[in-house]
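This report describes one protein model, from its overall contacts down to a patch on its surface.

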Amino acid sequence: MPKLTATDLRALLAAEKADALSAMSASKLSQERAAALDYYLGDMSRDMPAPDGRSKAVSTDVADTVEGLMPTLMDIFTAGDEVVRFEPVGPEDVAAAEQETDYVNHVFMQQNPGFLVLYSFIKDALLSKVGIVKVWWETREAYERETYLDQPEDAFALIVADPAVEVIAHTEHDALHDVTVQTTRTYHCAKVECVPPEEFGIA
């Protein structure tokens, strides 16, 4: 298959977007999601308005069912220490599989709010017919500012020799140095978050 040109790719993506956001299907899905949320909240006024003078009590069966399912579904993913486990193919892969398992679980559950992501993802699926999780690799720069007072010449030279350090302010008195430096560090990490169903188009 020949490689798509940029123009062909843009046209293809535009067509998929138009299909995902087409008025009829998007409107129907939106109405169904709104109705499901109303039922979950116990609001039946649109479908079964209470006559004047009659009880307005509503059974919360939808909410009870969803909340009753959540602990069981969450247990599937979070009951143990491992959300995911890599299985070795051969004996030579055992150490690597263990390291991959530890790393992925740490990134998902510690560096990201893994429990909340799973909870929101499952609840969205129960209420809105689809749960969406976005995963991406993030690169960001962080700036740290520090001030060192009364530093001798050798210590001052060591501080400013770091290529990641930028001197912001510097004064010298009695052969001692007061210096404020800013350090720029680049962090790379995998990020995971839920996408609200209403912000996700489905072709």
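## Contacts along the chain

Of the contacts in the protein between residues at least 6 apart in sequence, 63% link residues that are at least 24 apart. The model is a predicted one, and the values below are computed from it.

## Fold and overall dimensions

The protein contains 6 helices and 3 strands. Read from the N terminus, its elements follow the order α-α-α-α-α-β-α-β-β. With a radius of gyration of 28 Å, well over the 17 Å given by the globule rule for 203 residues, the protein is more spread out than a compact globule.

The C-alpha trace of the protein spans about 90 × 60 × 45 Å along its principal axes.

## Burial and exposed area

Of the 203 residues in the protein, 22% are buried, a class that requires under 20% relative accessible area. The protein exposes about 14600 Å², and 58% of this area is supplied by carbon and sulfur atoms.

## A nonpolar surface patch

Val84, Phe86, Tyr103, Val104 and Trp137 make a nonpolar patch of about 470 Å² on the surface.

One member of this patch is Phe86, which is found in the loop between α3 (61-78) and α4 (94-111). Is Phe86 exposed, partly exposed or buried? Its relative accessible area is 33%, so Phe86 counts as partly exposed, the class between the 20% limit for buried residues and the 50% limit for exposed ones. Patches are made of residues with over 30% relative accessible area, and the 33% of Phe86 fits that cut-off.

Key: Residues are numbered from 1 along each chain as its sequence is written. This is a predicted model: local features need pLDDT of at least 70, side-chain atom pairs count only at pLDDT 80 or more; totals for chains, interfaces and linings use all residues. Side-chain values use heavy atoms; hydrogens and water are left out. Patches are made of residues with over 30% relative accessible area and no salt bridge: like charges are joined within 9 Å, nonpolar side chains (Val, Leu, Ile, Met, Phe, Trp, Tyr) within 5 Å. Accessible areas come from the Shrake-Rupley method with a 1.4 Å probe; for residues, only the protein chains shown count as cover. A salt bridge is a side-chain nitrogen of Lys or Arg within 4 Å of a carboxyl oxygen of Asp or Glu. Helices (H or I, at least four residues) and strands (E, at least two) are DSSP runs, numbered from the N terminus. Buried means under 20% relative accessible area, exposed over 50%, partly exposed in between (1.4 Å probe, protein chains only). The radius of gyration is taken over C-alpha atoms; the globule rule is 2.2 Å times the number of residues to the power 0.38. Contact means heavy atoms within 4.5 Å.
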